[in-house]
Amino acid sequence: MDTDLIIRVFPYFIEAAWVTIQLSVLSMALGLVCGALGAAARLSRSPVLRFLGAAYVSVIRGTPALIQVFILYFGGPQVGIQLDAFEAGVLALGFNIGAYMTETMRGAIISVDRGQTEAARTLGLSRFETFRSVTLPQALRLMIRPLGVNINALIKGTALVAAISVVELTYTAQRYIGSTYKPFEMFLLAGALYMAIIYVTGLGVNWLDRRAALK
């Protein structure tokens, strides 16, 4: 174990970890938007919207995330979409996690007891008021744990954008392996930083879960 090397390159890995965090945050923000729109489409009364929502989930979940990254980055210019590597990574990861968030949100919404929504409608609340005041608060509580699982998957999935030269943790490890010939130390350091990011994220999810349980 070359500890001197690890200490020497550690600052560069911290910079790469910050890029990984940025990728994760931006992609999850996009994923939440896509998930909300996808869930709304899947639960819509319109057969067209239901079909579009189902098609989005089916296509994204049925193809490798790396292929989606390549399509946006390498295939985009063919159809007039010019994206740098970071932008392509955020969009690909966001669209990908959005498909999983669609099913997470949809599952949480349909898990709410229908008797409560029917009671709210009986009391005179409109469909929108019932959703906002009765269904959504309970669904949000049910989403917290699955959201944490999706966030963890997204953080680990950011390693895929190393394939298009985004300077995040995995790419940085690969770059230093080329000059130091120390793959064990480099990947060990990258893995430790991934674990640290996921651990901190897990603390946040647990805090949200406890807060929701008290309400």
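**Notes on an all-helical predicted model**

1. Let me start with Arg42, which is partly exposed at a relative accessible area of 24%. That value puts Arg42 in the middle class because buried would require under 20% and exposed over 50%. Please keep in mind throughout that this is a predicted model.

2. Now for the overall picture. The protein has eight helices and zero strands, so its pattern along the sequence reads α-α-α-α-α-α-α-α. Taken along the principal axes, the C-alpha atoms fill a box of roughly 70 × 45 × 20 Å. Of the 215 residues in the protein, 38% are buried. The accessible surface comes to about 12,200 Å², and carbon and sulfur atoms account for 67% of that area.

3. How much of the contact set joins residues at least 24 apart in sequence? Among contacts between residues at least 6 apart, the share is 76%. Several of the side-chain pairs discussed below also link distant parts of the chain, including Glu103 with Arg42.

4. The largest nonpolar core holds 35 residues, and the members touching the most others are Val9, Phe13, Ile164, Val166, Leu169 and Met186. At least two residues each are supplied by helix H1 (3-42), helix H3 (65-75), helix H4 (85-111), helix H6 (127-157), helix H7 (169-180) and helix H8 (183-214). Which helix gives the largest share of this core? That is H1, with nine residues. As a general background, nonpolar side chains tend to be buried together in soluble globular proteins.

5. Val166 is a good residue to centre your view on. Setting aside its neighbours within four places in sequence, Val166 is in contact with Val19, Leu23, Ala85, Phe86, Val161 and Tyr171. There is also a second, separate core, made of eight residues, with Ala39, Met101, Ala139 and Met143 among them.

6. On the outside, Val48, Leu49, Phe51 and Leu52 make a nonpolar surface patch of about 410 Å². Phe51 belongs to helix H2 (residues 47-61). Is Phe51 buried or exposed? Phe51 is exposed, because its relative accessible area of 59% lies over the 50% cut-off. I would point this patch out to readers of the model alongside the two cores.

7. Turning to aromatic rings, the count comes to four pairs. One of them is Tyr12 with Tyr176, whose centres lie 5.9 Å apart with the planes at 35 degrees, so this pair is tilted. Tyr12 sits in helix H1 and Tyr176 in helix H7, so the pair ties together parts that are 164 residues apart in sequence. The two partners differ in cover: Tyr12 is partly exposed at 43% relative accessibility, whereas Tyr176 is buried at 15%.

8. Phe70 and Phe74 form another aromatic pair, also tilted, at 5.5 Å centre to centre and 55 degrees between the planes. Here both residues lie in helix H3, four residues apart, or about one turn of the helix. Phe70 is partly exposed, with a relative accessible area of 28%. Back at the tyrosines, Tyr12, Phe13 and Tyr176 form one aromatic cluster. Phe13 deserves a second look, being also among the residues that touch the most other members of the largest core.

9. How many salt bridges does a search of the whole structure find? There are three. Glu103 pairs with Arg42, the closest N and O atoms being 3.2 Å apart. This pair links distant parts of the chain, with Glu103 in helix H4, Arg42 in helix H1 and 61 residues separating them. Glu103 also meets Arg106 in a salt bridge at 3.0 Å, N to O. In this case both residues lie in helix H4, three residues apart, about one turn of the helix. Arg106 is partly exposed, with a relative accessible area of 23%.

10. The remaining charged pair is Asp209 with Arg145, at 3.1 Å from N to O. It too links distant parts of the chain, Asp209 in helix H8 and Arg145 in helix H6, 64 residues apart. Both ends are partly exposed: Asp209 has a relative accessible area of 23%, and Arg145 has one of 44%. Salt bridges that share partners join Arg42, Glu103 and Arg106 into one network, which brings us back to the residue we began with.

Conventions
Residues are numbered from 1 along each chain as its sequence is written. This is a predicted model: local features need pLDDT of at least 70, side-chain atom pairs count only at pLDDT 80 or more; totals for chains, interfaces and linings use all residues. Side-chain values use heavy atoms; hydrogens and water are left out. A nonpolar core is a set of buried Ala, Val, Leu, Ile, Met, Phe, Trp, Tyr and Cys residues joined through side-chain atoms within 4.5 Å. Buried means under 20% relative accessible area, exposed over 50%, partly exposed in between (1.4 Å probe, protein chains only). Contact means heavy atoms within 4.5 Å. Patches are made of residues with over 30% relative accessible area and no salt bridge: like charges are joined within 9 Å, nonpolar side chains (Val, Leu, Ile, Met, Phe, Trp, Tyr) within 5 Å. Accessible areas come from the Shrake-Rupley method with a 1.4 Å probe; for residues, only the protein chains shown count as cover. A salt bridge is a side-chain nitrogen of Lys or Arg within 4 Å of a carboxyl oxygen of Asp or Glu. Rings of Phe, Tyr and Trp (its six-membered ring) pair if their centres lie within 6.5 Å; planes under 30 degrees apart count as stacked, over 60 as edge-to-face and the rest as tilted.
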